[in-house]
Amino acid sequence: MSVLFETSVGDLVIDLEVDSCPKTCENFLKLCKVYYYNLNAFFNVSKDFLAQAGDPSASGAGGESIWSYIASQTSAKEPVPRYFTPEILPKLKHTNKGTVSMAVAPSLPGQEKGGCGSQFFITLADNIEYLDGKHAAFGHVVEGLDTLDKLNDIFTDDKDRPLKDVRIRHVVILDDPFPDPPGLIQPPSSPKRPPDNSTRIAEDEDPLFQLPEEEEERIRREKAAAASALTLEMVGDLPFANVRPPENVLFVCKLNAVTRDEDLELIFSRFGVIMSCQVIRDKKTGDSLQYAFIEFDKREDAEQAYFKMQNVLVDDRRIWVDFSQSVAKSNTVWSNNPTRGPKLSKGGSGYGGRDDLVQTSKYRDSRETRDGGYGMVFDVPGSDSRRRKRSRSRERHRSRSPRRDRDRDRDRRRRDY
């Protein structure tokens, strides 16, 4: 009666002593059948001593027998012990490398003695007499001794935990002579994720693996670009970090200072419908900064203009044409020139270079004019004028105080006398 263990360092074939240890072998086989050991880690590997597994929590304190597992899955009314009595036989000793034994757990509160659950270990050397009579041997490795050598040579920490996880990837039962216990239900598939929350190097991860230099440079540039975009979003220069520039907008530079918006629009209009064309000018002086943005209705028109107008002579200057990387058009105007009002595009709504986005509305919208108000949340348009009228009427009433009236009457009497 054999079981095949497919581990991350190789395969192991284990023959079981079914006749000598029937209860232990039945427990082991049925746990294998319900995928209990799948993706379990070898959490204790002592060089030239043993390799221990079978605890889903990988802490050394977990695990249970198949009968306790069935009771927990079916919500049995009667309590079932977590462990069963170990079958320790004097003739089964740990004399050969690859001996498989069930680990005997200490007694739990309320129990006289401990027992066997799901944890087992495999010896990594010969003649380990220390384990005889203390743990229940029930099988031995018949194929995969080279896998045990790899397991014996792995690096561990001061608690004998492998620095890189060694896991049981899959278990195949080659022969099972025992009938299934009542209530046993085999899962439809093996688990996809490890049952423990390991922070070690993953069993399929190579810590010494290095990407090609070009790939590392590309990843580094992508991370740097993402960090820069997030910074620009935080300072308000971008509407959001993952905004992309429009594909129908061209950037034209090296212009002559005398070139006007109308001139560029007339020249580029032969490629298609132009939504907007603007030469960027200085905010204070109004002088041309010698570059412009041209927005086409279709991306194909912008591509055609890009190929045809490169290095063309315009007003005695060789212009340079490229696709725009700016997202300032999300604010409906290319520049902050106060003499030029925002030129709305003909395409309709959209935000951040995308038609399927809408700018988030806020209580205090910067685009609203409040006529000198403080921009409070509950300000009502037109309330300032009513407030001023009330304040003026109050001032008039306050100016007509009784004391001033008495003084005025007294002055009149003096004049009369």
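These legends walk through several close-up views of a predicted model.

**Figure 1. The whole chain at a glance.** Before zooming in, get your bearings: the protein chain has 8 helices and 14 strands. Of its 417 residues, 37% are buried. Its accessible surface comes to about 26,600 Å², and carbon and sulfur atoms hold 49% of that. Look at who touches whom, too: among contacts with a separation of 6 or more, 69% are between residues 24 or more positions apart.

**Figure 2. Ser 2, at the start of strand E1.** Strand E1 covers residues 2-7, and Ser 2 is part of it. Is Ser 2 buried or exposed? Its relative accessibility is 14%, so Ser 2 counts as buried, the cut-off being under 20%. The side chain of Ser 2 makes a polar contact of 2.3 Å with the side chain of Asp 15. Leaving aside residues up to four places away in sequence, Ser 2 touches Val 13, Ile 14, Asp 15, Ile 173, Leu 174 and Asp 175.

**Figure 3. Strand E4 and its two partners.** In a regular strand, side chains take turns pointing to one face of the sheet and then the other. Here both faces of E4 are covered. Leu 50 and Gln 52 are buried on one side, and Ala 51 and Ala 53 are buried on the other. E4 runs antiparallel to strand E3 (residues 44-46), with 3 bridges joining them, and antiparallel to E6, with 4 bridges. Keep an eye on Ala 51: its bridge partner in E3 is Val 45, and its bridge partner in E6 is Ile 122. The hairpin of E3 and E4 has 3 residues between the strands, and there Asp 48 takes a positive phi near 60°.

**Figure 4. Two loop residues with a positive phi.** Most residues other than glycine have a negative phi. Ala 58 is not a glycine, yet its phi is positive, about 55°. You'll find Ala 58 in the loop between strand E4 (50-53) and helix H2 (66-74). Asn 127 is not a glycine either, and it has a positive phi of about 55°. Its loop runs between strand E6 (116-123) and strand E7 (136-143). What about their surroundings? Ala 58 is buried, with a relative accessible area of 10%, whereas Asn 127 is exposed, at 54%.

**Figure 5. Helix H4 from end to end.** How far apart are the end C-alpha atoms of helix H4 (residues 213-235)? They are 33 Å apart. That agrees with the span you'd expect, because 23 residues at 1.5 Å a residue should cover 33 Å. Just after H4 comes Gly 236, with a positive phi of about 95°.

**Figure 6. A four-stranded sheet and the helices packed on it.** This open sheet has 4 strands in the order E10-E11-E9-E14, paired antiparallel. Strand E10 (274-281) and strand E14 (320-323) are the edge strands, each pairing on one side only. Ignoring direction, neighbouring strands are turned by 20° against each other on average. Strand E9 (residues 249-253) pairs with E14 over 4 bridges, and Val 252 has Val 321 in E14 as its bridge partner. Helix H5 (residues 261-268) packs on the sheet, touching E9, E10, strand E11 (288-296) and E14, and its direction makes about 140° with that of E10. Helix H6 (residues 299-308) packs on the sheet as well, touching E9, E11 and E14, with its direction at about 150° to that of E14.

Notes: Residues numbered from 1 in each chain as written. Predicted model: local features only at pLDDT ≥ 70, side-chain atom pairs only at ≥ 80, totals over all residues. Heavy atoms only, no water. Buried < 20%, exposed > 50% of the residue type's maximum accessible area, 1.4 Å probe, protein only. Pairing = 2+ DSSP bridges. Axes fitted to C-alpha atoms, helices over the stretch in contact; angles between N-to-C directions. Contact = heavy atoms within 4.5 Å. Polar contact = N/O pair within 3.5 Å; in protein donor to acceptor, adjacent residues only side chain to side chain. Areas by Shrake-Rupley, 256 points an atom, 1.4 Å probe, with all protein chains shown as cover. Expected span 1.5 Å × (residues − 1).
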